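Thanks for coming. I will take one structure and go through a few places in it, one after another.

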Amino acid sequence: MHPLTPQDVVSAVKEIGALPQTLATVLKVVDNPDSRADDIAAVINCDVSLTSRVLKMVNSVRYGRSRKVAHVSEAVRVMGLNSIKVLTLSSSVFGIRPDDELFQQLNIKRIWRHFIETAIVARNIAEDIDYRDPEEAFVTGLLHDIGIVIMMLHFKKDYLGVIETLKAKRTGVISAELELWPFTHCDVGAAIAESWKLPSRVIHVIRHHHDISSPAIIPDDDLLNAIIAAADRIALGPFDHYTSGVEDDIMFVQTAREKIGLNHETLKNVRKKSLIQSIELADYLELDAGDVIEVLADANDRLAELYFSLEQILIDKNALENRPAMVGRSA
Ligand SMILES: [Fe+2]
Ligand SMILES: [Fe+2]
């Protein structure tokens, strides 16, 4: 068994001091039950680039509302302490610059785009079903794969091994991770989220977004997990080009859709408007997530993959249906 555990990852991240000073202070202020909105605003205001990213994110979460939020203190009030905490953390994730080796091996644009698109699809689903807190869906979407980012940055060699396995076997990221360790990016993400004292519902989703079959104890946790799980599959994934298994994807989205109570047509519309909004948001955040042509090319590649997978399924199905008749004829 591999000696590494999610707890080792948490300790390593703590030792390395992965969190920038401002962020560590933000977490400390949010964890203090006596903190007020102005206290957290004061800490965020100390960091110019964090302030700008948080304001841009808040305004994009509140997309379509007439009045823009201009000050961090107002942002904290409209988002609530828990959401602003998750939003601040994800803002700092987008500030990460991987080294050259990682940059060459991974298409980092695809990863940033996946986070943004998952967040936007999740918010659109949440609004369509009148989920009580679409902002919570957005920030959870942004952070759902934090385990991948942490592993890439702090256990680079191990994670490059996962990418190699993915390329060679095309079995999906979870199976590739489980070939190397007895845990996945979901366990690592949840362990980190617990150590950051994120809201329990967000931790639940980070841990279970690839597993929607076992019901959560709290129904709201279950609903948010189904929203993020569906959004995760609908958004272009960072490793889609190394993955096959369209049948599993279809069944997974269908199960999530039934749990959410969303019809097929609505989901189709959500997907359509989310793609445009994702490109707009990446642009607004000045994040290099690829231009429209790159995004459309990736979406097109994914469609071609789906087509060929479906074609294979049909060929296999026909072969199976014809088999008894062929046996009959030869006998
Ligand atoms: Fe994931
Ligand atoms: Fe994901």
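Before the first place, one term. A polar contact is a pair of N or O atoms within 3.5 Å, and within protein one of the two must be able to donate a hydrogen and the other to accept it. Please also keep in mind that this is a predicted model.

With that term, look at T51. It lies in helix 4, residues 48-61. Which backbone atom does a polar atom of its side chain lie 2.7 Å from? That atom is the backbone oxygen of D47. T51 counts as buried, because its relative accessible area is 13% and the cut-off for buried is under 20%. Setting aside neighbours within four places in sequence, T51 is in contact with I44, N45 and V72.

Now the metal. I start with the iron ion (ligand 1). Which residues coordinate it? They are D145 through an OD atom, and H185, H209 and H210 through NE2, at 2.1 to 2.3 Å. Along the chain these donors follow the spacing D-x39-H-x23-H-H. The pair H185 and H210 links distant parts of the chain: H185 is in helix 13, residues 185-195, while H210 is in the loop between helix 14 and helix 15, 25 residues apart. H185 is buried, at a relative accessible area of 1%. H210 is partly exposed, at 22%.

What about the geometry? The 4 donor atoms around the iron ion (ligand 1) subtend angles of 87 to 180 degrees, so the arrangement is irregular.

The second ion is the iron ion (ligand 2). Its coordinating atoms are NE2 of H114, NE2 of H144, and OD atoms of D145 and D232, at 2.1 to 2.3 Å. You will have noticed D145 again: it bridges the iron ion (ligand 2) and the iron ion (ligand 1), which lie 3.6 Å apart.

For the iron ion (ligand 2), the spacing of the donors along the chain is H-x29-H-D-x86-D. Here too a pair links distant parts of the chain, with H114 in helix 8, residues 108-128, and D232 in helix 15, residues 219-234, 118 residues apart. Are H114 and D232 buried or exposed? H114 is buried, with a relative accessible area of 2%, and D232 is buried as well, with 8%. The 4 donor atoms of the iron ion (ligand 2) subtend angles of 83 to 177 degrees, and therefore this arrangement is irregular.

D232 brings us to helix 15, the last stop. At 1.5 Å a residue, its 16 residues should span 22 Å, and the end C-alpha atoms are 23 Å apart, which agrees. How much of helix 15 is buried? The count is 12 of the 16 residues, so the helix is largely enclosed by the rest of the structure. Among the buried ones are D221, L224, A229, D232 and I234. What do the buried residues pack against? Their partners are helix 8, helix 9 (134-143), helix 14 (200-208), helix 16 (246-260) and helix 17 (264-284).

One residue of helix 15 to finish on is N225. N225 is buried, with a relative accessible area of 2%. Not counting residues up to four places away in sequence, it touches H204, V205, H208, H209, D211 and I212. One name there is familiar: H209 coordinates the iron ion (ligand 1).

That is where I stop.

How values were computed. Residues numbered from 1 in each chain as written. Chains lettered and ligands numbered in written order. Predicted model: local features only at pLDDT ≥ 70, side-chain atom pairs only at ≥ 80, totals over all residues. Heavy atoms only, no water. Donors = N, O, S within 2.8 Å, 3.2 Å for Na, K, Ca; no water. Tetrahedral: all angles 85-135°; square planar, octahedral: opposite > 155°, others 65-115°. Helix = DSSP H or I, 4+ residues; strand = E, 2+ residues; numbered from the N terminus. Buried < 20%, exposed > 50% of the residue type's maximum accessible area, 1.4 Å probe, protein only. Contact = heavy atoms within 4.5 Å. Expected span 1.5 Å × (residues − 1).
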